[in-house]
Amino acid sequence: MVTSRWTAAPAQAASPRRRGAVLERAILDAALEQLSTVGWNGLTMEGVAAGAQTGKAAVYRRWPSKEDLVADALEAGLPRFEEVPDLGSVREDLLALCRRARDAMFSRPGFALRAVIHECDPAQVERFHGVIFEGVVEPTIKLLREVITRGIGRGEVRSDAANGYVFDAIPAMMMYRSKMCGSEWSEQDLEEMIDRLMLPLLRPHGA
């Protein structure tokens, strides 16, 4: 019997088609990846679709604009800061918060958020104001307020220190030095900021 030298290739199982929440998660992840690598200006709906291994129509069907997609991607990806550290002193509590902030800044969502803040024009940033304020600013201020208020109760912190200027000091310093000086906020950098800036700022008068 003569056998053919051609044999049929084994059939490959088709990958399951993603739908609903699974597909949406893939698209949001792809948007964060694009933002963190090519930035706001480099992000395209086509690139996001390719990254999510789906068609462009699937992206536009859910998000009619780049701004809508990025707003949802940031909201879904930003880390949640809920628990307040209680390590026995305001110094250690602030250091713990700063470590969390550093890790968030240099995470993929952190890079994505900074791309939006630094590259968008004022009108575009306005679209993301709610996401940034509710996802980053308010939780950060809430945690700092609790740490400083607890320090006031222990007598470590002056009674008038729980104010907006004090709450802004750590986030402003971390963002400024990260962008302008390229600081990656090593453990030594965090300790020096707390010891040289925050503790003298918080110390009770006459202490």
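This section describes the overall form of a predicted model, its largest pocket and a number of individual residues.

The secondary structure of the chain consists of 10 helices and 0 strands. Read from the N terminus, the order of elements is therefore α-α-α-α-α-α-α-α-α-α, given that helices and strands are numbered from that end. The chain holds 207 residues, and a compact globule of that length would have a radius of gyration near 17 Å, but the value for the chain is 24 Å. Along the principal axes, the C-alpha atoms fill a box of roughly 100 × 45 × 30 Å. Buried residues account for 35% of the 207 residues. The accessible surface amounts to about 12100 Å², and carbon and sulfur atoms contribute 54% of this area. When contacts between residues at least 6 apart in sequence are considered, 69% of them link residues at least 24 apart.

The largest pocket encloses about 660 Å³ of space. Its lining is formed by 28 residues, of which Ala101, Val136, Thr140, Pro171 and Met175 are the closest to the centre of the pocket. The elements that supply two or more residues to this lining are α5 (90-105), α6 (108-119), α8 (129-153) and α9 (164-180). Helix α8 provides the largest share, with 8 residues. Divided by class, the lining comprises 22 nonpolar, 3 polar and 3 charged residues.

Two residues of helix α8 were examined individually. Val131 is placed in this helix. With a relative accessibility of 14%, Val131 counts as buried, because the cut-off for a buried residue is under 20%. Apart from neighbours within four places in sequence, Val131 is in contact with Ala71, Leu74, Glu75, Leu78 and Val136. One of these contacts, Ala71, lies 60 residues from Val131 in sequence. In space, the C-alpha atoms of Val131 and Ala71 are 6.8 Å apart. Another contact of Val131 is Val136, which is also among the residues closest to the centre of the largest pocket.

Ile152 is likewise found in helix α8. The relative accessibility of Ile152 is 26%, so this residue counts as partly exposed. If residues up to four places away in sequence are not counted, Ile152 touches Val157, Arg158, Ser159 and Ala162. A separation of 45 residues in sequence lies between Ile152 and Ser107, and their C-alpha atoms are 32 Å apart in space.

Further residues were examined in helices α1 and α2. Gly20 is located in helix α1, which covers residues 20-42. At 35% relative accessibility, Gly20 counts as partly exposed, because partly exposed residues fall between the cut-offs of 20% and 50%. Gly20 and Pro122 are 102 residues apart in sequence, with a C-alpha to C-alpha distance of 33 Å. Ala49 belongs to helix α2 and is buried, with a relative accessible area of 3%. Outside the neighbours within four places in sequence, the contacts of Ala49 are Thr54, Gly55, Lys56 and Val59. Ala49 and Ala31 are 18 residues apart along the chain, and 8.7 Å separates their C-alpha atoms.

Two loop residues were considered for their backbone angles. Most residues other than glycine have a negative phi. In Gln53, phi is near 55 degrees, a positive value in a residue that is not glycine. Gln53 is placed in the loop between α2 (45-51) and α3 (56-62). The relative accessible area of Gln53 is 69%, so this residue is exposed, the cut-off being over 50%. Trp185 is another residue other than glycine with a positive phi, near 55 degrees. The loop that holds Trp185 runs between α9 and α10 (187-202). Trp185 has a relative accessible area of 2% and is therefore buried. Thus Gln53 is exposed, whereas Trp185 is buried.

Conventions. Residues numbered from 1 in each chain as written. Predicted model: local features only at pLDDT ≥ 70, side-chain atom pairs only at ≥ 80, totals over all residues. Heavy atoms only, no water. 1 Å grid on protein atoms, 1.4 Å probe; cavity = no way out; pocket = protein on both sides within 12 Å on 5 of 7 lines; lining within 4 Å. Points joined across faces, edges and corners; volume = space filled by probe spheres on them. Helix = DSSP H or I, 4+ residues; strand = E, 2+ residues; numbered from the N terminus. Nonpolar A, V, L, I, M, F, W, Y, C, P; charged D, E, K, R; others polar. Buried < 20%, exposed > 50% of the residue type's maximum accessible area, 1.4 Å probe, protein only. Contact = heavy atoms within 4.5 Å. Rg over C-alpha atoms; globule rule 2.2 N^0.38 Å. Areas by Shrake-Rupley, 256 points an atom, 1.4 Å probe, with all protein chains shown as cover.
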